[in-house]
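Let's take a walk through this structure together. Please have your viewer ready.

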Amino acid sequence: MADKVLTTMHEKDMQKVTVAQKITKVIVMFLLYAFLCTMALIIVFPFYWMIISSLKSTVEYRLPIPTLFPREILWGNYLEAFTAANLGRLFLNTVIVGLVSTILSLVITVLSAFAFARLEFKGKNALFAALLATMMIPGELFTITNYVTVTKFGWLDSYTVLIVPFLVSVFYIYLLRQNFLQIPNELYLAAKVDGTSDLKYLWKVMIPLSLPNLISITILKMMGAWNSYVWPRLVTSTDDYRLITNGLRDAFTDMSGQANIPVQMAAVTVVSIPLFLVFIFLRKYIMKGVSRSGIKG
Amino acid sequence: MKNFLQKIKFDQWKAWIYLSPAIVLLLIFTVWPIFNTLRMAFWNGYGLFKELGGELQFEFGIKNFKWVVGYGGFLDCLKNTMLLTVLTVPLSTILALVIAVSLNAIKPFQRFLQTIFFLPYVTNSIAIGMVFEAMFNIVGFGTSNPSYGIINNILGVFGVDPINWINAGSGYWANIAVLVIYIVWNALPFKILILLGGLQSVNKQYYDAAKIDSTPRLRVFTKITVPLLSPMIAYVVITGFIGGFKEYSSIVGIFGDDMHAVGGESLNTMVGYIYKQLGENHEGDASAAALILFAIIFVVTMINMYVSKKKTHY
Amino acid sequence: MKIVLQNLTKVFPSRNKKSNEEVVAVSDLTFTIPDGKLVGLLGPSGCGKSTTLYMISGLQKPTGGQIFFGEDDVTSLSPENRGVGLVFQNYALYPHMTVKQNILFPLQNLKGADKLDKNTMLERALEAARLVQIDELMDRKPSELSGGQQQRVAIARALVKMPRVLLLDEPLSNLDARLRLQTREEIRRIQRETGITTIFVTHDQEEAMSISDVIVVMKLGVVQQIGKPQTVYDNPVNLFVAKFLGTPPINVFKANVKGGKLYISGEAVLDVPGVCDRDVFAAIRPEGFVPDDNGAMTCSLSSIEVMGRDVSIVSKNEAMLTPTIRSIVDADYKVSASAQSVKFNLKPHKVFIFDSETEERIYFGNQTAPETGI
Amino acid sequence: MKRSIISLLLVLSMLLGTVAFASCVEGQGGGLGGNDAANKVTYEVPAEGYDGSEVTITFYHSMGAKLQTVLNNYIPEFNKLYPNITVEHASQGDYDGVRDQIKTALTAGNQPNIAYCYPDHVALYNVAKAVVPLDSFIESTIPVKDAAGNETVLGFTADQIADFIPGYYAEGTAFDAAGTMYTLPMSKSTEALYYNKTFFEKHGLKVPTTWEEMGKLCEQIKAIDPDCIPLGYDSEANWFITMCEQYGSEYTSLDKNGHFKFDNETNRGFVTMFREWHQNGWVTTEEIYGSYTSGLFTATEGQKCYMVIGSTGGASYQQPPQVDGQHLFETDMATPPQIDPSKPKVISQGPSLCIFKDSNPQEVVASWLFVKFLTTNVEFQAAFSMASGYAPVIKSVQSNPVYQQWLDAANGFTNLTAMSVKLALSQSNAYFVSPAFNGSSAARDQVGILMQSALVYKGNDVDAKIKKLFEDAIYECEYAAH
């Protein structure tokens, strides 16, 4: 081996290699950016469409040849969206439902994930597998049975009915369990030796260590409340308990059942803005949370 | 030893206490509905309204399943579901992978572009469905001077003749193409999110090592990036398959409740069939179809898991 | 092939966005590494040794200066084109590949004239594996190997393409003591056998001393001394180098020179001809003490540790800067443990004095400055 | 022998049925039942009528914000009469939204008291036997005293019944052979022929009254402007159903053993004809065109159409566009073309009201009182019509001065809404009703699809294709109704 020492580049013109290397890099970078920008445009276009549509008149929206930019900008659509849809009340409901369900959901999720990650009990694996299997069933089928159930409980038209049925998310339990499993078990055993109670350990060690995940769950849960549509519409009949998306759909139809789409788009835009902001500022946590769901284990 | 046993016992009931809120809620809102679905599936001709209307006795049997399978359009539903899944899952996964890797390779504007790619994650699906329809729609179809829609206009720049995507007389494959684009668009953010997260947690030294070894870019991608990301890819593919088999709302979003283009072939899917049966108060048939769908998803997921166990590394 | 570093500088922008402070990792580094030698880059953590290594590999771009491989300027050449082998601190073995695949990987990338056919590749891989004695483990995955085995795989992977330069980044830091000893001998052996110019980074002076042809001692991005290990040990150019090399570490005292004599705690302990009167630091190697009841230097005795062939005397002196004085003497020498104090004579060539302000070496008697370079 | 007797009996009974059917059409202005009045489903109205107790009733509808304002203005009026009845109401989006909501609500016994409905929806609710048959209320003579001290009867007076536009009123009886009344009309629209009056006058064209004339006219217009599509028809399903009615051919029936009768020679004939028209570039539809055909009608550039058959509810969209403050043309309206103009047939659309059964009979009675109020109160009907552009369901609204004034403001440039209501009212003898049963909505969906698919078919074997489309549609209908 020693006699076969390679002289890979001795014969090469270093100057040439350097130039070629630079050119390749420029080309690769150009292609990368071109690709990413094209994809970004494709991704963004529907949003652009949403915004320009929200500024058009109904007549212009219905034009056979759609315009890429509104001929006349109608800010009035936004005003109409606000006044027609009772957005204030719906917004408040959404925030209440979102907050309460997030907090309760976090408690339940943390406790369950802890049990699955740290405690030993009979049938743990079977139970966990069963939980995961429920994720495979088309949930649409549950709606009717659940509706009958909540009606029998007398929960219709209340915050309870919007919150309780969706408190348990198998996905979040799974996500958090994976996170908890990554925390070394030694920490738990050490805490046991010190006589720290489970709850204190959870609060002092597990929760701080999995904070990014918990924040992600919070955001996803809030987003869920923000976007939920079918269930709230089913179980509430007045604006006292309806959520924001219901307002979006229901407020702008005229007698012939046709939606005033520009105004609806204006409302959608308005309602989307808080989500965008949350997303832009907390993107890091959302990304971390989702990507950490990990697959190992 | 006795102490140890006591500890185990203590752990036992403690675990169940911690799990109790979740279990109680799941029993009520998940397990009971599943059980109820089973019940309805095996009652011949069961319909909730029929029961409400006073018909209380339903025969136990598998007539509902026979009825579902015997439906003339059942094979179409199955075919469409499979086709959409088989087309969209690989496409969206590969595209998401390429985007994630590209994003990971650049510095300026990385955060900005990331944010853009995640935007669809936070938007209202109702609005986006309308937008997609408008983009592909040809208004004035069959007239001498129609507006071909923005997509055809863009394609026209590259010299492509206008394609009838979704309008009257459009072909099956054009319809499928639109659906694939829409579904892939919808699926991208989640997949990019997962894959980019995975990429960012990959130890940079593997790439340094590859550089030192003069590995060409493509080989780095296929031999290092993809294998190292294989757990994430498997996850994305499995959830993609499950989602694909539940495809429904995207088709309604673009083609309406009829689920086909004017004069075109049916684009109905399994879930579409289930919804239709629910709409016609055939809860028994809907439940039977849901069970069939569940069985399909279950088998496919098992195959997926088996393959990914073999293919994913470490 | 020889490697020339010329005025090599690396400045990192500050991590804190608000302050504009920059971190100078490597400053104006100039030295030549001769062909076929094993060079140890040595220094405490943060001294810029790893940065230097990465600049040689091409993974980091220098802010200033140039790097030559032989006669070729490779400063702006990307790592792919440099033909170096690099063993990472934590090996960076591809976790999804078997040992064989890991070793084959670099060979499969070879292009042009270097391209090999499949059989040759396998042969070469096996040869490299045999060299590091892991040919039994070819079908295992990295996760199934011990730290030492992984380390050897990493070396095999770096070696297999016969690079022009082999770079090792703290290759032994993850190993236990016994394995470390064994592995460093192997590195030495392999380097000898292949004759590849090898640079390795370590913070462990003993490791560097034991296997390097040449060591480069660095501090805060600046090279302190370059030379053969024994030369550097015997003839440090400043207090830092003196302190950094040697186990047990050198003993340092506050001292002064008056009339050609070195005074520690008021005692004249050694003649230092040719040095004018000033405050100095006196550094004495543990083996520089000769116990003598009539010795010039008096220390209060703390303890005596007998360690096989050597005896280590631990004592104290009010002028000392190190916590205790550790002197190593022959086991024949008997000191009564009950004694309160112990007296030493000093071996002049084991005593170094340094300017108390610049900490630069002051030579006396027949001491002369070491040759710079290699 | 035996067999011939049976067949004879069958023929006889069919004859009898047809005669009875025909007579009831005459008598009720389009109703379906009536031959079997004794078998009407009844509801036990509490003997005391409304006992004045405090009840809360809920009302599901699909009104937008503007119409809800009108409703909110009149609930206090109702409460002046019955202060103890609290009315709560909520929009469920659109008609389908109301239906879906109620469907689920019924499964849990949580349905509202009153709801917007289409006949198909009521047929669905009837599977669960959840809708209150109204005959017992309509005929009830139990006295009711309102808060103002006026004493009236719980039911309708003869005058009140006579005040309803008969075609609308008859829609409530489309559910069984006995003609049980399940719904009362709330607010109605119909289809109208909109045409470009300016263009017609310029070229001396005559507004068509028959399909034959329409065909010729299309050819004529196509000759004048080869680039146009002369006619747009918005709803394919309406088109098919209306044609069945105009031809007197079968569409659907209440006969439990064969609901779907639309696969017949006549129907295949007109579908084949209209396909021809479409292929000639004479006509397009909303689905085929890709947007409401009003877009073509009001286009300022490019392709145009000069006639649209569409809902009177969408009249404002047919208003001529303005360029520099000038209207490009004037729109006018007419009854859509017919097969036999002496017996015109036009479809009727728009919401009716139904009442759901409830464990508390007082809620049902209170709901009846509210429904009666909404359908018979002239001011409310007038206000609602003006706000919605839909026609009122009682004739006396037209003599309301405010309403009259509103109607008089109709013109073909800026106020087509009033014009369309006028037309809807003038067609009141032409409305027909299709039978409603569990599965009738499938028939409507399927004939719409059939029509679209046939029109756009480009192949050579037209007859076979159309035959196949009809068979498929029947298969889907029967599958849906099993």
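What follows looks at the contact between two chains, then at the domains of one chain, and finally at a helix of the other.

Keep in mind throughout that this is a predicted model. A good place to start is where the two chains meet: 58 residues of chain A are in contact with 66 residues of chain B. On the chain A side, the elements that each contribute two or more residues are helix 1 (14-54), helix 4 (87-118), helix 6 (142-152), helix 11 (211-227), helix 13 (244-250) and helix 14 (261-292). Helix 14 of chain A gives the most, with 14 residues. If you colour this side of chain A by residue class, you will find 41 nonpolar, nine polar and eight charged residues.

Now stay with chain A and turn to its domains. Chain A is divided into domain 1 (2-54) and domain 2 (81-292). Their contact takes four residues from domain 1 of chain A and six residues from domain 2 of chain A. The residues on the domain 1 side divide into two nonpolar, two polar and no charged.

Finally, move over to chain B and find helix 12, residues 270-279. Nine of its 10 residues are buried, so helix 12 of chain B is largely enclosed by the rest of the structure. The buried residues are B:Met270, B:Val271, B:Gly272, B:Tyr273, B:Ile274, B:Tyr275, B:Lys276, B:Gln277 and B:Leu278. Follow the backbone a little further and, just after helix 12 of chain B, you reach B:Asn281, which takes a positive phi of about 65°.

Terms used: Residues numbered from 1 in each chain as written. Chains lettered and ligands numbered in written order. Predicted model: local features only at pLDDT ≥ 70, side-chain atom pairs only at ≥ 80, totals over all residues. Contact = placed C-beta atoms within 7 Å. Helix = DSSP H or I, 4+ residues; strand = E, 2+ residues; numbered from the N terminus. Nonpolar A, V, L, I, M, F, W, Y, C, P; charged D, E, K, R; others polar. Domains from an automatic or database assignment. Buried ≥ 20, exposed ≤ 12 C-beta atoms within 10 Å, placed from the backbone.
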